[in-house]
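Me: I would like to learn how to read a protein model, one feature at a time. Could we begin with a single residue and work outwards from there?

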Amino acid sequence: MKKLPKILIAGAVLLGVGALIAADHLDAPAVGGTTADITDYFAFESAENSSNTVFAANVQSSLAGEAEFDENVLVEFNIDNDGDLVEDRVIQAIPRDGKMYFFGPYEISSTGLNSTIDESALIGSVDISTGADAITMTTTDGIKIFAGLRADPFFFDFTTFNAVVGNPAGDFTGTTGPNGGFQTAENASDPFEGTNVLSVVVEVPNTLLGGTSAHPAGTGVEIWNTWVEAKTKQ
């Protein structure tokens, strides 16, 4: 495949094994409304196999119905094994003709703004899911892959947020929810409810991730750092 320079980054997160941390949701106008817009990133221990880690990137917020991945956008999961915040291994996903192709995890020869795909590191491909039923594929190495439309898991109450921003004095006695009364979790407004995102998910045995480094020092806790990037071909 041709070289895919990174010109847009829409989200990043660092986390420890077993933890779950999410990134931002709505991005700058330059990437908003495209599959280069990373809405959330999750990495967590597999519920089915504690020796596996799941990496899940959601892109393109607030979709009302069907949507397609951009074939010019590469989703790249970065894995730092030695704690220097520089990627040591990558997992890459790029769509072609209704399928998502996954590569890795493999060691990279150079880091930085540009990425190339090592086609010899092909994991496999999976049909992109367009409906409620999830189409998945499991390789002989125990890697599971998925790509497709999913319900948006994000929650953000714009009504209360705007009330807080507009009232720096901190007097919120007049702040009400959409159903009256004080704003609570039960009556909060969620503009993302009923909307979709496009998800790219890969579950990988930890033995294929290249090992971890102890952090913080002296705790004996084994972690690695991970972040996701969207890179656009030019």
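Reply: Let us start with Y41, and keep in mind that this is a predicted model. A residue counts as buried when its relative accessible area is under 20%. Y41 has a relative accessibility of 0%, so Y41 counts as buried.

Me: How should I read a pair of aromatic rings, and how many aromatic pairs does the structure hold?

Reply: A pair of aromatic rings is described by the distance of the centres and the angle of the planes. The structure holds two aromatic pairs. In one of them, the ring centres of Y41 and F77 are 5.8 Å apart and the planes stand at 40 degrees, so this pair is tilted. The two partners come from distant parts of the chain, since Y41 belongs to strand β2 (residues 38-45) and F77 to strand β4 (residues 73-80), 36 residues apart. F77, like the residue we began with, is counted as buried because its relative accessibility is 0%.

Me: What are the distance and the angle for the rings of F55 and F77?

Reply: For F55 and F77 the centres lie 6.1 Å apart and the planes make an angle of 50 degrees, so this pair is tilted. Because F55 lies in strand β3 (residues 52-63) and F77 in strand β4, the pair ties together parts that are 22 residues apart in sequence. F55 has a relative accessible area of 0%, so F55 is buried. Taken together, Y41, F55 and F77 make up one aromatic cluster.

Me: Which residues have the most contacts inside the largest nonpolar core?

Reply: The largest nonpolar core has 31 residues, and those with the most contacts inside it are F55, F77, M100, F102 and V202. Two of these names, F55 and F77, you have already met in the aromatic cluster. Another core lies apart from the largest one; this other core has seven residues, among them L74, V90, F103 and A121.

Me: Now I would like to understand the sheets. In what order do the strands of the open sheet come?

Reply: In a regular strand the side chains alternate between the two faces of the sheet. Here, five strands form an open sheet in the order β8-β6-β5-β4-β14, with antiparallel pairing. At its edges are β8 (122-127) and β14 (225-232), each of which pairs on one side only. From one strand to the next, the twist averages 20 degrees. To look at one join within this sheet, take β4 and strand β5 (residues 89-96), which run antiparallel and are joined by five bridges. Within this join, E76 stands opposite Q92 in β5.

Me: How many bridges pair strand β10 with β11, and is β11 mostly covered or uncovered?

Reply: Strand β10 (residues 144-151) pairs with β11 in the antiparallel sense, over eight bridges. One place to find this pairing is I145, whose bridge partner in β11 is V202. Strand β11 (residues 196-205) is mostly covered, as nine of its 10 residues are buried.

Me: My last topic is charge. How many salt bridges are there, and where should I look for them?

Reply: The count comes to five salt bridges. In one of them, the side chains of K144 and E48 meet at 2.8 Å, N to O. K144 lies in strand β10 and E48 in the loop between β2 and β3, so this pair ties together parts that are 96 residues apart in sequence. K144 has a relative accessible area of 29%, so K144 is partly exposed, whereas E48 counts as exposed because its relative accessibility is 66%.

Me: Are E76 and K231 buried or exposed, and what links them?

Reply: E76 forms a salt bridge with K231, and the closest N and O atoms are 2.8 Å apart. This pair links distant parts of the chain, with E76 in strand β4 and K231 in strand β14, 155 residues apart. Both E76 and K231 are buried. A network of salt bridges links E76, E229 and K231.

Me: How do E107 and R89 meet?

Reply: The side chains of E107 and R89 meet in a salt bridge at 3.2 Å, N to O. Because E107 lies in strand β6 (residues 99-107) and R89 in strand β5, this pair ties together parts that are 18 residues apart in sequence. E107 is exposed, because its relative accessible area is 58%, whereas R89 is buried, with a relative accessible area of 18%.

Definitions and conventions:
Residues are numbered from 1 along each chain as its sequence is written. This is a predicted model: local features need pLDDT of at least 70, side-chain atom pairs count only at pLDDT 80 or more; totals for chains, interfaces and linings use all residues. Side-chain values use heavy atoms; hydrogens and water are left out. Buried means under 20% relative accessible area, exposed over 50%, partly exposed in between (1.4 Å probe, protein chains only). Helices (H or I, at least four residues) and strands (E, at least two) are DSSP runs, numbered from the N terminus. Two strands pair if DSSP finds at least two bridges between them. Rings of Phe, Tyr and Trp (its six-membered ring) pair if their centres lie within 6.5 Å; planes under 30 degrees apart count as stacked, over 60 as edge-to-face and the rest as tilted. Axes are lines fitted to C-alpha atoms, for helices over the stretch in contact, and angles run from 0 to 180 degrees between N-to-C directions. A nonpolar core is a set of buried Ala, Val, Leu, Ile, Met, Phe, Trp, Tyr and Cys residues joined through side-chain atoms within 4.5 Å. A salt bridge is a side-chain nitrogen of Lys or Arg within 4 Å of a carboxyl oxygen of Asp or Glu.
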